[in-house]
Amino acid sequence: MGRSWRKAAALAVTAMAMVPTGAQAAAPGGGDGGTWTPYTREAQYATVTETDVPITVRDGTVLKANITRPDAPGRFPVLLTQTPYGKDTAGAALNGGGSDPLVERGYVQITVDIRGTGHSAGSWDSFGPNEQRDGYDVVEWAAQQSWSDGKVGLNGPSYMGLTQLYTAAQRPPHLKAIFPVVPLADGYRDIVFSGGDINLSFIPLWLGLVTGGGLVTDPITLLQHVGGALNFTVPTLAGALTGSGSVAYDGPFWKTRSPIEVIDDINVPTFVVGGLHDIFQRGEPLIYERLKSRVPARLLIGPWTHVGGSSGQGLPADGVPSLTDLQLRWFDHWLKGIDTNIAAIPKVTQYTYGDEQYETQADWPNPKLDPQTWYLRGGQTLTREAPGTSEPAQSFVQHPVSGLCTMSTGQWTAGLAEPLPCFTDDRPNTLSGGASYLTAPLAQDLRVSGPMAARLWVTTTASDAAVTVRVDDVAPDGTSTGMTTGWQTASFRAVDSKRTRVVKGHVLQPWHPFTAASVLPVKRGEPTALDVEIFPTNWVLKAGHRLKVVVDPADFPHQLPPLPALLARLGGQVSVLTEPGHASAIELPTIGTSCVRTGCASLPVPDLTRAD
């Protein structure tokens with residue numbers, strides 16, 4: 001079997017000394033962004049927990065919280081987690097089901113059910129305005145309690161990471177620092193409608209977690225929760241599946257549920273944790289990028305799916321501490337005023353596939369980017385040379401079930417399907433009928449770091465089309481390991497050039513409006529250019545390996561088109577053009593060998609997340 005995410009995590013756990021070769025190698029735990037240094041301190045306190053503590057917010061709604069604090073007199077800084085999954089379950093998950101190591105070191109941990117979930121009153125509307133305002137109220141309530149010293153931090157993964165961003169954007173006066181783990185940035189582009197189609201694999205799972213985690217025995221509260229969940233989920237799912245109404249397009253509904261829209265209001269130190277195969281893979285580095293010039297910020301990205309990233313699976317490794325020790329160091333500095341040498345924490349640390357270790361870098365995006373264009377060729381090859389003569393196009397029939405046995409399925413089920421063999425080797429997916437392009441064996445290591453893009457020229461016999469672009473690392477034994485993926489619907493192909501990331505003339509991150517007004521017609525048989533955003537990665541393809549690009553008709557079960565789009569494209573024949581004037585290509589975020597040896601000048605990078 002090929003290299004899998006699980007194997008990468010295991011390598012990190014044991015810190016195996018796999019020494020890379022060539023000029024691009026970096027030392028474990030080090031890199032051009034500095035070297036990790038340890039920090040920890042011993043537990044001091046026994047703990048005591050109060051359950052179902054009422055907290056009344058500004059509109060009179062009563063939220064319920066579990067509060068674990070040191071079993072000793074005194075005032076302590078407070079850490080707050082806001083969850084829709086049930087505070088009893090979420091609280092146990094935060095500390096592995098045992099005692100809370102941060103409380104044992106002098107913190108109070110509050111875990112509160114957000115409104116409309118668990119034991120809290122009200123109706124759930126998933127990051128709606130009331131839920132966002134609740135965070136401010138709970139922070140200020142916590143700061144006034146007899147066991148609080150008035151300093152509050154926020155913690156927790158996934159949904160609990162998003163609530164941190166929304167709460168911090170409200171600027172409660174007593175909030176001092178946050179530590180969001182695997183948080184979302186852009187609700188539409190990151191997860192629900194990436195490329196324009198519906199995320200079928202994760203959304204039902206997520207809604208089930210919210211509903212199941214919030215089940216309570218009190219009939220009145222249960223009735224409130226069921227009504228609130230139905231009021232949100234039924235019209236949301238109906239609008240998405242039918243492609244009707246505001247839900248199917250980017251606009252006010254999704255902007256309200258996109259923390260990137262309020263990120264400029266955050267004014268406290270922020271440590272962002274993400275995963276290279278997380279469901280929020282696209283947005284996590286964008287959050288760091290928007291914050292880094294205004295507040296102290298750090299970024300750690302591991303070899304994780306959503307489940308693995310939520311706990312920092314495999315840490316400590318390569319000098320990178322566990323997430324618990326990282327939070328202790330972060331909060332000890334910002335909430336307790338202890339000198340933990342915060343300045344020495346590397347700004348950016350990423351796991352590097354190929355090198356199979358954590359490495360630091362000076363910033364994100366990597367200031368040493370030196371992008372390369374690789375062309376898709378008619379002979380199913382991938383080369384640096386553009387086609388000089390007409391070459392035969394590869395074609396496939398548009399159908400919705402391609403991609404089942406790929407890395408993507410493991411990723412978009414949050415990692416729950418990852419252990420199954422075909423999700424760590426994409427070769428079975430060749431049966432789904434996509435167009436495949438492969439380089440010759442690489443003569444030297446090829447390092448890619450950051451977002452990438454494909455510009456595909458296609459024709460279709462239908463009135464719409466969609467493509468999935470897979471980027472794989474093919475080992476000498478033929479194992480095809482999924483690196484990253486991108487998606488694009490042809491009718492949503494309009495690009496906002498002002499918000500598109502261009503480095504040295506190479507488009508690395510196209511920005512599509514995805515609004516109703518941006519929809520463009522697709523003419524049968526007419527060459528059409530699609531700019532496909534491919535989500536960021538951090539990978540070294542070793543000498544002797546080959547880079548593979550596959551253009552597929554779908555990404556099932558991750559994505560399914562809304563019904564009108566399905567009917568418009570089903571059965572159409574899509575051809576990928578590879579000829580002069582219509583040369584399809586992929587833009588790679590490469591770090592050139594010359595940059596690694598001598599250093600390249602840092603590049604000003606457009607902020608594609610900021611609206612005009």
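Arg257 lies over the face of Phe253, at 4.2 Å from the ring centre, and Phe253 itself belongs to an aromatic cluster that also takes in Tyr188, Phe193, Tyr249, Trp254, Phe492 and Phe514. A second placement of this kind is found at Tyr107, where Lys336 lies over the ring face at 5.0 Å from the centre. The model is a predicted one, and the points below treat its aromatic pairs, the surroundings of His512, its helices and its backbone geometry in turn.

**Aromatic pairs**

- The structure holds 22 aromatic pairs, and one of them joins Tyr249 and Phe492, whose ring centres are 6.0 Å apart and whose planes stand at 75°, so the pair is edge-to-face.
- This pair links distant parts of the chain, since Tyr249 sits in the loop between helix 7 (219-242) and helix 8 (252-256), whereas Phe492 sits in the loop between strand 18 (480-489) and strand 19 (501-503), 243 residues apart.
- The two partners differ in how they are covered: Tyr249 counts as partly exposed at 24% relative accessibility, while Phe492 is buried, with a relative accessible area of 7%.
- Trp487 and Phe535 form an edge-to-face pair as well, with 5.0 Å from centre to centre and 80° between the planes.
- Because Trp487 lies in strand 18 and Phe535 in strand 21 (residues 528-541), their pair ties together parts that are 48 residues apart in sequence, and both Trp487 and Phe535 are buried.

**The surroundings of His512**

- His512 is found in the loop between strand 20 (506-509) and strand 21, where it counts as buried because its relative accessibility is 2%, below the 20% cut-off.
- When neighbours within four places in sequence are left aside, His512 is in contact with Arg189, Gln488, Phe492, Arg493, Ala494, Val495 and Asp531; Phe492, one of these contacts, is also the partner of Tyr249 in the edge-to-face pair described above.
- The C-alpha atoms of His512 and Ser497 are separated by 8.9 Å, the two residues being 15 residues apart along the chain.

**Helices and their packing**

- Helix 3 (residues 129-143) and helix 4 (residues 159-169) pack at an angle of about 75°, with their axes 8 Å apart, and that angle makes helix 3 roughly perpendicular to helix 4.
- On the side of helix 3 the contact is made by Glu131, Gln132, Gly135, Tyr136 and Val139, which meet Tyr159, Thr163, Tyr166 and Thr167 of helix 4.
- Sorted by class, the residues in this contact are four nonpolar, four polar and one charged.
- Helix 4 is largely enclosed by the rest of the structure, because eleven of its eleven residues are buried; among them are Tyr159, Thr163, Tyr166 and Thr167, the residues of helix 4 that meet helix 3.
- Just after helix 4, Arg171 takes a positive phi of about 55°.
- Helix 9 (residues 283-291) is mostly covered too, with nine of its nine residues buried, and its buried residues include the charged residues Glu284, Glu289 and Arg290 as well as Leu286, Ile287 and Leu291.

**Backbone geometry**

- Most residues other than glycine have a negative phi, and most peptide bonds are trans.
- The peptide bond from Trp364 to Pro365 is nevertheless cis, with omega near -5°, and Pro365 is found in the loop between strand 11 (357-361) and strand 12 (372-376).
- A cis peptide bond also runs from Phe556 to Pro557, with omega near 5°, and Pro557 is found in the loop between strand 22 (546-552) and strand 23 (559-560).
- Glu356 has a positive phi, near 55°, although it is a residue other than glycine; its place is in the loop between strand 10 (348-352) and strand 11, and it counts as buried at 6% relative accessibility.
- Gln380, likewise a residue other than glycine, has a positive phi near 65° and is found in the loop between strand 12 and strand 13 (382-383), where its relative accessibility of 45% makes it count as partly exposed.

Notes. Residues numbered from 1 in each chain as written. Predicted model: local features only at pLDDT ≥ 70, side-chain atom pairs only at ≥ 80, totals over all residues. Heavy atoms only, no water. Axes fitted to C-alpha atoms, helices over the stretch in contact; angles between N-to-C directions. Helix = DSSP H or I, 4+ residues; strand = E, 2+ residues; numbered from the N terminus. Parallel < 35°, antiparallel > 145°, perpendicular 65-115°, else oblique. Contact = heavy atoms within 4.5 Å. Phe/Tyr/Trp six-rings, centres within 6.5 Å; stacked < 30°, edge-to-face > 60°. Buried < 20%, exposed > 50% of the residue type's maximum accessible area, 1.4 Å probe, protein only. Lys NZ or Arg CZ within 6 Å of the ring centre and 35° of its normal.
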